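Trainee: I would be grateful for a close look at a single part of this protein. Could you please take me through one pair of side chains, and then through the surroundings that help me to place it?

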Amino acid sequence: MRDLSLIALLDIKESIRAKWFYVYSLVFGGIIALFFITGVTQSTVMGFSGLSRLLLIYIQVTIVILPIFILITTVRSICDDRESNILEYMLSFPVSLKSYYWGKMFGRFITVFMPVFIAMIIGVVWGMIKGAGVPWEVLILYSAMLFSMTWAFLGIAFFISTLVKTPDIALGLSFIVWVIMLAFLDIILICLMMQSNIDEEFIVFVALANPLETFRISAIALFDPELTVIGPTAYFILDNFGRGLFLVFSLVYPVFLGLVFAFSGYLLFRKRDLL
């Protein structure tokens, strides 16, 4: 446990010194600042106003930006250590593979989750100073959703990082994964429904297997319990899940998916040639 904590701390310090961390933090902090500059909390659209509207827009932006930032900044984690001989140096000490792998993962989780979470909290605090009401239930649920989404893509990124040996291939593969998940939000699924006789329920099932789609629909459910904006698909989700159960699913499933990929990556890391 001590070695794991030490590796996590070293990874946090290394990440904080990296340029990508400042860009990453600036992006999400800048988004919140831009929302207030443009008066997002002062207007009302589709019944949403104040901090509710700010959180709604922040969610939609996060769906696109957060996964790709996690993938491109994390997928090279082990690859870079292997290529720069840092991995060989670390393993020359009495540090187990388990402590190294999970220490790197927990350390990276903190560095990718905290800027997004802190930026959201800053926005909420500023809104409270300006007199806006805080939707506490939405804030707590969205924080939990951010946690589960971060963990899911972190697990995928570490799996890719152990699957390939060169950073360039890892980056390319991570971008392909992101594009496929983004495409399966709407484009490919609509084409399948229009050009084939595949059962609609199966297509919805495939869509919900995509953590991005699950995150998107659960985010909408926080503000629109009837899911009116997603059309007929809402009937399938509400009839089979219900709003409450679907929110639980949207929190548990990404964490489970992240754990599956993380453990798969760990097994590869143990069995393959490390250097």
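Mentor: Arg216 and Glu213 are 3 residues apart in helix 11 (residues 211-223), and therefore they are separated by about one helical turn. An α-helix has 3.6 residues a turn, so residues three or four places apart point the same way. In this predicted model, the side chains of Arg216 and Glu213 meet in a salt bridge, with 3.0 Å from N to O. Side chains of opposite charge can pair when their charged atoms come close. The structure holds 1 salt bridge. Glu213 counts as buried, because its relative accessibility is 6% and the cut-off for a buried residue is under 20%.

Helix 11 also contains Pro211. With a relative accessible area of 2%, Pro211 is buried as well. Which residues is Pro211 in contact with, once its neighbours within four places in sequence are left aside? They are Met149, Phe153, Met181, Tyr253 and Leu257. In addition, the C-alpha atoms of Pro211 and Ala152 are separated by 7.7 Å, although their positions lie 59 residues apart along the chain.

Two of these contacts of Pro211, Met181 and Tyr253, lead to other helices. Met181 is listed among the buried residues of helix 8, together with Pro167, Ala170, Ser174, Trp178 and Ala183. Helix 8 (residues 167-183) has 17 residues, which should span 24 Å at 1.5 Å a residue; its end C-alpha atoms are 24 Å apart, so the two values agree.

Tyr253 belongs to the buried residues of helix 13, and Leu257 does too. The other buried residues of helix 13 are Phe246, Leu247, Ser250, Pro254, Gly258, Ala262, Gly265, Tyr266 and Phe269. Helix 13 has 29 residues and reaches 42 Å from its first C-alpha to its last, close to the 42 Å expected at 1.5 Å a residue.

Let us follow helix 13 to Gly265, which has its place there. Gly265 is buried, with a relative accessible area of 0%. Not counting residues up to four places away in sequence, Gly265 touches Tyr101, Phe159 and Thr162. The C-alpha atoms of Gly265 and Ile156 are 8.4 Å from each other, while the two residues are 109 residues apart along the chain.

The aromatic residues come next. A pair of aromatic rings is described by the distance of the centres and the angle of the planes. The whole structure contains 19 aromatic pairs. One of them is formed by Tyr101 and Trp102, which is edge-to-face, with 5.1 Å centre to centre and 85° between the planes. Phe159 and Phe261 form an edge-to-face pair too, with 5.5 Å between the centres and 70° between the planes. Phe159 lies in helix 7 (residues 136-163) and Phe261 in helix 13 (residues 243-271), so this pair ties together parts that are 102 residues apart in sequence. Is each of these rings buried or exposed? Tyr101 counts as buried at 0% relative accessibility, and Trp102 counts as buried at 8%. Phe261 is partly exposed, with a relative accessible area of 25%.

Helix 6 supplies a further buried residue, Lys104, whose relative accessible area is 3%. Apart from neighbours within four places in sequence, Lys104 is in contact with Ile7, Asp11, Glu14, Ser77, Asp81, Ser99 and Phe158. Met114 also lies in helix 6 (residues 97-129), but Met114 is partly exposed, with a relative accessible area of 33%. Met114 joins Ile110, Ile118 and Ile122 in a nonpolar surface patch of about 330 Å².

Finally, the protein as a whole can be described. The protein has 13 helices and 2 strands. Of its 275 residues, 48% count as buried. Its accessible surface comes to about 13,600 Å², and 70% of that surface belongs to carbon and sulfur atoms. Among contacts between residues at least 6 apart in sequence, 80% join residues at least 24 apart. The aromatic pair of Phe159 and Phe261 is one example of a link between parts distant in sequence, since those parts are 102 residues apart.

Terms used:
Residues numbered from 1 in each chain as written. Heavy atoms only, no water. Patch = residues over 30% accessible without salt bridge, like charges linked within 9 Å, V, L, I, M, F, W, Y side chains within 5 Å. Areas by Shrake-Rupley, 256 points an atom, 1.4 Å probe, with all protein chains shown as cover. Salt bridge = Lys/Arg side-chain N within 4 Å of Asp/Glu carboxyl O. Helix = DSSP H or I, 4+ residues; strand = E, 2+ residues; numbered from the N terminus. Buried < 20%, exposed > 50% of the residue type's maximum accessible area, 1.4 Å probe, protein only. Contact = heavy atoms within 4.5 Å. Phe/Tyr/Trp six-rings, centres within 6.5 Å; stacked < 30°, edge-to-face > 60°. Expected span 1.5 Å × (residues − 1).
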